[in-house]
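Okay, thanks everyone for coming. I'd like to walk you through one structure today, going from contacts between chains to contacts between domains. Have a look at it first.

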2 protein chains.
Amino acid sequence: MLNPADERLEKRLPFGVLRDVAPAYLEEPRGRYHGQAGLVAAPHDVQEAAAIVRACADAGVAIVPRGGGTGLVGGQVMPEGPAPLILSMERMTQIRDVFPEESVMVAEAGVTLQSARDAAAAVDRQFALSLASQGTAQIGGVLSTNAGGVNVLRYGNARAQCLGIEAVLPSGEIMHDLKRLRKDNTGYDLRDLLIGAEGTLGVITAASLVLAPVPSESGVAMIVVEDPAAALALLSLAQARMAGGVTAFELISGQGLRFLDATFPDLPQPFLERPQWLVLIEVGLPAGLSADEALEGLFLEGSSAGLVSDGVIARSGQQVADLWAVREMIPQANRAIGAIASHDVSLPLSQVAKFITDAGDMLASQGDMRINCFGHLGDGNLHYNLFPAEGRKREEYDGIRKDLSRQVHQMVVDRGGSFSAEHGVGRLKAGDLAHWGDPVRLSAMRAIKSALDPKGLMNPGVIFPV
Amino acid sequence: MLNPADERLEKRLPFGVLRDVAPAYLEEPRGRYHGQAGLVAAPHDVQEAAAIVRACADAGVAIVPRGGGTGLVGGQVMPEGPAPLILSMERMTQIRDVFPEESVMVAEAGVTLQSARDAAAAVDRQFALSLASQGTAQIGGVLSTNAGGVNVLRYGNARAQCLGIEAVLPSGEIMHDLKRLRKDNTGYDLRDLLIGAEGTLGVITAASLVLAPVPSESGVAMIVVEDPAAALALLSLAQARMAGGVTAFELISGQGLRFLDATFPDLPQPFLERPQWLVLIEVGLPAGLSADEALEGLFLEGSSAGLVSDGVIARSGQQVADLWAVREMIPQANRAIGAIASHDVSLPLSQVAKFITDAGDMLASQGDMRINCFGHLGDGNLHYNLFPAEGRKREEYDGIRKDLSRQVHQMVVDRGGSFSAEHGVGRLKAGDLAHWGDPVRLSAMRAIKSALDPKGLMNPGVIFPV
């Protein structure tokens, strides 16, 4: 449905907008939602962004903020209702400043995560947020969804790596809060409120990001464990030995390795006989320690404790890349196989192992299927994905798909977990949030939404169901 | 002024409240404000706390939440208007659960910081938040003010060390968000909104707190530096070598050491000739490294770079305590000397050294006084306190006190800093926030306050001036 306000809106905008909307603006990676074609506006700076938001507020046109478009919960498209204005941050790609001596960088929303990481590396620092889609994902989107990734264990999620933001609020006013301070207790934390608000409370246009020192010594190992409980016990040993030096601790299942065999047969895998469970561990250590020796020491301790049975330590940069490739190709293998249902859940660490057992049992009783459970074990974050049994098609599961997901999420919630660990709510899980969220928290969220966006024009349908 | 609603309120409350209010409930450490004597209610659990808040909401009685009462900005007393109900968390002192395998603890708001730290130590973990008043300060207050302290550099402030909260909102409803998850992207971050809201958006009644591994190796050194710029250069070297293992980096001035000489002459100080500037550095390192060797290596590198001239490394637990005592007794020495004005400011790290020079020059032109500048240099957080010149009385500065503070804060704000780094806004700085805060941010803060507390009964006068 074309938006009758579009023409009026277009006249008011202080610079050209696109009328012929490229299909890419209307898509999201999993193809679940298809956006309405309205206007696309791509401001060059925050003043233009503010002018666009003001014009939309006046015209009563909804706004869908758009970064790299890599989000997995449909937060970047609006399928229903009058077509919105798509506010793309693609032209705000400046790294405004890098302060190596402060370990801070100020980047605009349209900077890709990879560019931000490269700019940090250029001054011998790291921007530690890292995820598979970093070549396309943009800082604004990464913050708006409070993205996680593989280094949360050591460096925290996006929220923990941001000191300040500049944002356009739904009123079209610019909030200047681009501080570069480690401590600033001057009132409510609007930064953390906008981070993770998925564009429903305003548009982040720039951010000051925390850089971290590059550890003097780093290393990667892949270690075979009996089961997830053993993996968690190994994590405990590692944390005790490394004083916070464990930067990644990823769980990989035998099912994932077999999916890789089927879809990427040339990908080198370290263990000829595919183990049932393994972990990828990465450490970053101070000068004076050898990462290899630390990983060997951990392996020996794990071995004495009966936790580990085999392992490899990367001995070159190439081997580091090869081990990481095993982990990072799993989502692509999954897409090639074709999931019945995907879940991005988190659990209290003490509940993870039991959940994996219990959920496996529950699903076995529901039908014949394959489970690929992998993810950021150190954060209690599992990507728990269901696939058709060998030789069967995903369509055969259409009738039970929703119910399976509901049951998986219910088991997660019953154990104090979250049905959205790192991907956000978007449209996909707005109903889940309404169902499982604490009602008092939800009602406070709605009060805040109404207070800041009384017309409900910022990314409607996201977080709150329409 | 007695509150006419008190009697009505008292009848409605489901359990006894105190009518004879002990003076301690009406005091704050610096004696700037004196609270009105109203009712004091001390709930045993969150249901009672909710009932009290509901009763106050119905009766239109304001609530002042109270923890250990150690806050330094007057957030714990209400001097003006009809007497409020003082909601003391002193009876909610349960540590509900400790999960060593998750490195999480669930503690009620009335647990003292010291008790929380002890409970963590009992399971071979640490609760890393540490500050001078930890024997009295309570978890609820520490979170409500987003307290900082000496370990922020490595572990973050209170906000970074909390995974979830239980809180009573101004409506009297209980928000259950006591998650123990490292990742949970299910909507707005109300946890971080209530943390640091200083009791103006509700009352935190319990929290899940992050525990950290106790580093295998730790050590403390005190190192003499030429000036704050050299101290910051040394911090950079330390960060590069230690891969995040620097847990504290505190600046101490010669003025502070001389104040200690004058007020605590028996306190052992490591350098006979009092240096002009020194830093206390604490490191926590992985197994396999010697903290002493790491500190020696840092000292040698700093020495080659011309940054350091002398230093001591603590060789025993007693020496660690002695070095820390030098840092931690400074606030007491300051109180004994009697400050003209105290400032809790933060700056971008690259601005710290120049600020110290510029502010010193500015103040020298305003009159004869002594400056004790010390604090958490690694966080860019300075306690920048002004004292009468030798032989003069603080009263002699009464006429210029406010103006001096205004000028110091203006210099901080001009350099991208904050006029309240770790103590919060309270009543003391509500005017400063109104003056220096970003107007758009302030207006969003007010909108949120009105949305969640439409009657304005939660800690009125705090953050927003009455």
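So, 40 residue pairs are in polar contact across the interface of chain B and chain A, counting pairs where both residues sit at pLDDT 80 or more. Keep in mind that this is a predicted model.

Which elements on the chain B side give two or more residues to that contact? Running along chain B, they are helix H5 (152-155), strand E8 (174-177), helix H6 (190-194), helix H7 (228-242), strand E13 (277-285), helix H12 (349-364) and helix H15 (439-452). The one that gives the most is H15(B), with 10 residues. And if you sort the chain B side by class, you get 36 nonpolar, 28 polar and 21 charged residues.

How many residues does each chain bring? Chain A brings 85 residues, and chain B brings 85 residues. Between them, chain B and chain A bury about 6,500 Å², and carbon and sulfur atoms account for 59% of that. On the chain B side, the residues that lose the most area to chain A are B:Lys183, B:Asn185 and B:Tyr188, and together they make up 16% of what that side buries.

Now charges. The rule picks up 8 salt bridges across the interface of chain B and chain A. Here's a salt bridge you can find on the screen: A:Arg441 with B:Asp177, where the closest N and O atoms are 3.8 Å apart.

Okay, let's move inside chain A. The domain assignment splits chain A into domain 1 (6-88), domain 2 (95-213) and domain 3 (217-331). There's also a UniProt record, an unreviewed entry, that lists residues 33-214 of chain A as "domain: FAD-binding PCMH-type". Over residues 33-214 of chain A, you've got 21% helix and 24% strand, with the end C-alpha atoms 40 Å apart.

What about domain 2 and domain 3 of chain A? Taken over C-alpha atoms, their centres are 29 Å apart. In the contact, 5 residues of domain 2 of chain A meet 10 residues of domain 3 of chain A. These two domains bury about 620 Å² between them, 58% of it on carbon and sulfur atoms. From domain 2 of chain A, A:Val150, A:Leu153 and A:Arg154 lose the most area to domain 3, together 74% of what that side buries.

How many salt bridges does the rule find between domain 2 and domain 3 of chain A? It finds 0. For polar contacts, the rule finds 1 residue pair across that interface, both residues at pLDDT 80 or more. By class, the domain 2 side that touches domain 3 of chain A has 3 nonpolar, 1 polar and 1 charged residues.

Methods
Residues numbered from 1 in each chain as written. Chains lettered and ligands numbered in written order. Predicted model: local features only at pLDDT ≥ 70, side-chain atom pairs only at ≥ 80, totals over all residues. Heavy atoms only, no water. Domains from an automatic or database assignment. Contact = heavy atoms within 4.5 Å. Buried area = accessible area lost by both parts, 1.4 Å probe. Salt bridge = Lys/Arg side-chain N within 4 Å of Asp/Glu carboxyl O. Polar contact = N/O pair within 3.5 Å; in protein donor to acceptor, adjacent residues only side chain to side chain. Nonpolar A, V, L, I, M, F, W, Y, C, P; charged D, E, K, R; others polar. UniProt positions renumbered as here; feature names shortened; annotations may be inferred. Helix = DSSP H or I, 4+ residues; strand = E, 2+ residues; numbered from the N terminus.
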